Amino acid sequence: MFKRIGSAVVLVATLLLGACVGPVPKIDAPLERLVEIKSIAVVKVPEPKTYTVFNMGHPGMAFGLIGGLVAAADQSSKQDTLSAAYKAQGTAINTLLVKQLATRLEAQGYAVTEQDAPWVEANGGYTLAFDKLESPADAILVVSPTIVGFVSPPRVGVYLPTITSVVVLLGKDKTKPIYRGYHSAGWKPLAEGWRNTEAKTTFPDFAALMADTKASASRLEKSASDIADSVAQDLKRVQKTAAAP
């Protein structure tokens, strides 16, 4: 129990500290590099260990450390309940996100494959060493979701279906990213540089998330589609055309 509460407290601190940090370290993809890329391998991503349920306006937040622990315990319980329901019904948001990305990039003229990668489980999540990736493609796209679930911002009073993700495009040498983007759908992190798509559907409380878990999961699927659209927009290229006679 204490381990789960500790993880929840870390998430609370991470989200709230977003107001204090500077701009995220984006790297815009140079058009000339994108034009050179013919094939992209999109790395498959493990499903979340736990789906996020976080209420930034939780009453416990107003009562110091003890209140924060109460809020974290409540959050942990809600996350466990929702995650168990999603896993039982076969919800696979990250798998859908990768497939949606592959579809969008193929529509833009890239030859796209999906490939496995040596993700390592650590601290309740997963890490990936880029230098361990192998692919014959011209570039490798790595999507790293940091939040998959529902966030209720302060003074908003509803849960937003939310995905936040860091996306990196690597060349064959894998030493220097060609592109790094920060994409969110639903709640927008407060640091400058995140490209956000607003949620079209909200949920008034946790009971509403659980009342129809297939319906709430479908809204996360829409967030995955929004992230795919946002990333594809960043990776658009101008096709070379033959000169007119």
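What percentage of the 245 residues of the chain count as buried? The share is 45%. This is a predicted model, and its secondary structure consists of six helices and nine strands. The pLDDT averages 85 over the chain, and 81% of the residues score at least 70.

**Confidence**

- In residues 1-20 the pLDDT falls below 50, although this stretch makes 22 contacts in the model beyond near neighbours in sequence.
- Residues 240-245 also have a pLDDT below 50, and this stretch has one contact beyond near neighbours in sequence.

**Overall packing and surface**

- Taking contacts between residues at least 6 apart in sequence, 73% join residues at least 24 apart.
- The chain exposes about 12,400 Å², of which carbon and sulfur atoms supply 57%.

**Nonpolar cores**

- In soluble globular proteins, nonpolar side chains tend to be buried together.
- The largest nonpolar core here has 54 residues.
- Ile-40, Leu-141, Leu-169 and Leu-235 are the residues with the most contacts inside this core.
- At least two residues of the core come from each of the strands β1 (39-43), β6 (139-152), β7 (160-170) and β8 (177-185), and from each of the helices α3 (64-88), α4 (93-107), α5 (206-211) and α6 (213-234).
- Strand β6 gives the most to this core, with seven residues.
- Outside its neighbours within four places in sequence, Ile-40 is in contact with Leu-105, Tyr-110, Ala-111, Val-112, Thr-113, Ala-137, Ala-139, Leu-141 and Leu-169.
- Another core, of six residues, lies apart from the one just described; Met-56, Ile-147, Val-151 and Trp-187 are among its members.

**Salt bridges**

- The structure holds nine salt bridges, including the three that follow.
- Asp-116 and Lys-44 meet through their side chains in a salt bridge, at 3.8 Å from N to O.
- This pair links distant parts of the chain, 72 residues apart: Asp-116 sits in the loop between β3 (111-115) and β4 (120-122), and Lys-44 in the loop between β1 and β2 (52-55).
- Asp-116 is exposed, because its relative accessible area of 61% is over the 50% cut-off.
- Lys-44, with a relative accessible area of 36%, is partly exposed.
- Lys-49 forms a salt bridge with Glu-121, and the closest N and O atoms of the pair are 2.9 Å apart.
- This pair too links distant parts of the chain, with Lys-49 in the loop between β1 and β2 and Glu-121 in strand β4, 72 residues apart.
- Lys-49 is partly exposed, at a relative accessible area of 34%.
- Within helix α6, Asp-226 and Lys-222 lie four residues apart, about one turn of the helix, and their side chains meet in a salt bridge at 2.6 Å from N to O.
- In this pair, Asp-226 counts as buried at 10% relative accessibility, whereas Lys-222 counts as partly exposed at 33%.

**Ser-83**

- Ser-83 is placed in helix α3.
- Ser-83 counts as buried, because its relative accessibility of 4% is under the 20% cut-off.
- Leaving aside neighbours within four places in sequence, the contacts of Ser-83 are Thr-50 and Tyr-51.
- A polar atom of the Ser-83 side chain lies 2.8 Å from the backbone nitrogen of Tyr-51.
- Pro-48 is 35 residues from Ser-83 in sequence, and the two are 8.8 Å apart in space, C-alpha to C-alpha.

**Lys-174**

- Lys-174 is found in the loop between β7 and β8.
- Why does Lys-174 count as buried? Its relative accessible area is 16%, and buried means under 20%, so this lysine qualifies.
- The Lys-174 side chain reaches the backbone oxygen of Leu-133 at 2.3 Å.
- Outside its neighbours within four places in sequence, Lys-174 is in contact with Phe-130, Asp-131, Leu-133, Glu-134 and Ile-140.

Conventions
Residues are numbered from 1 along each chain as its sequence is written. This is a predicted model: local features need pLDDT of at least 70, side-chain atom pairs count only at pLDDT 80 or more; totals for chains, interfaces and linings use all residues. Side-chain values use heavy atoms; hydrogens and water are left out. Buried means under 20% relative accessible area, exposed over 50%, partly exposed in between (1.4 Å probe, protein chains only). Contact means heavy atoms within 4.5 Å. Accessible areas come from the Shrake-Rupley method with a 1.4 Å probe; for residues, only the protein chains shown count as cover. A nonpolar core is a set of buried Ala, Val, Leu, Ile, Met, Phe, Trp, Tyr and Cys residues joined through side-chain atoms within 4.5 Å. A salt bridge is a side-chain nitrogen of Lys or Arg within 4 Å of a carboxyl oxygen of Asp or Glu. A polar contact is a pair of N or O atoms within 3.5 Å; within protein, one must be able to donate a hydrogen and the other to accept it, and residues adjacent in sequence count only if both atoms are side-chain atoms. pLDDT is the predictor's confidence in each residue, from 0 to 100.
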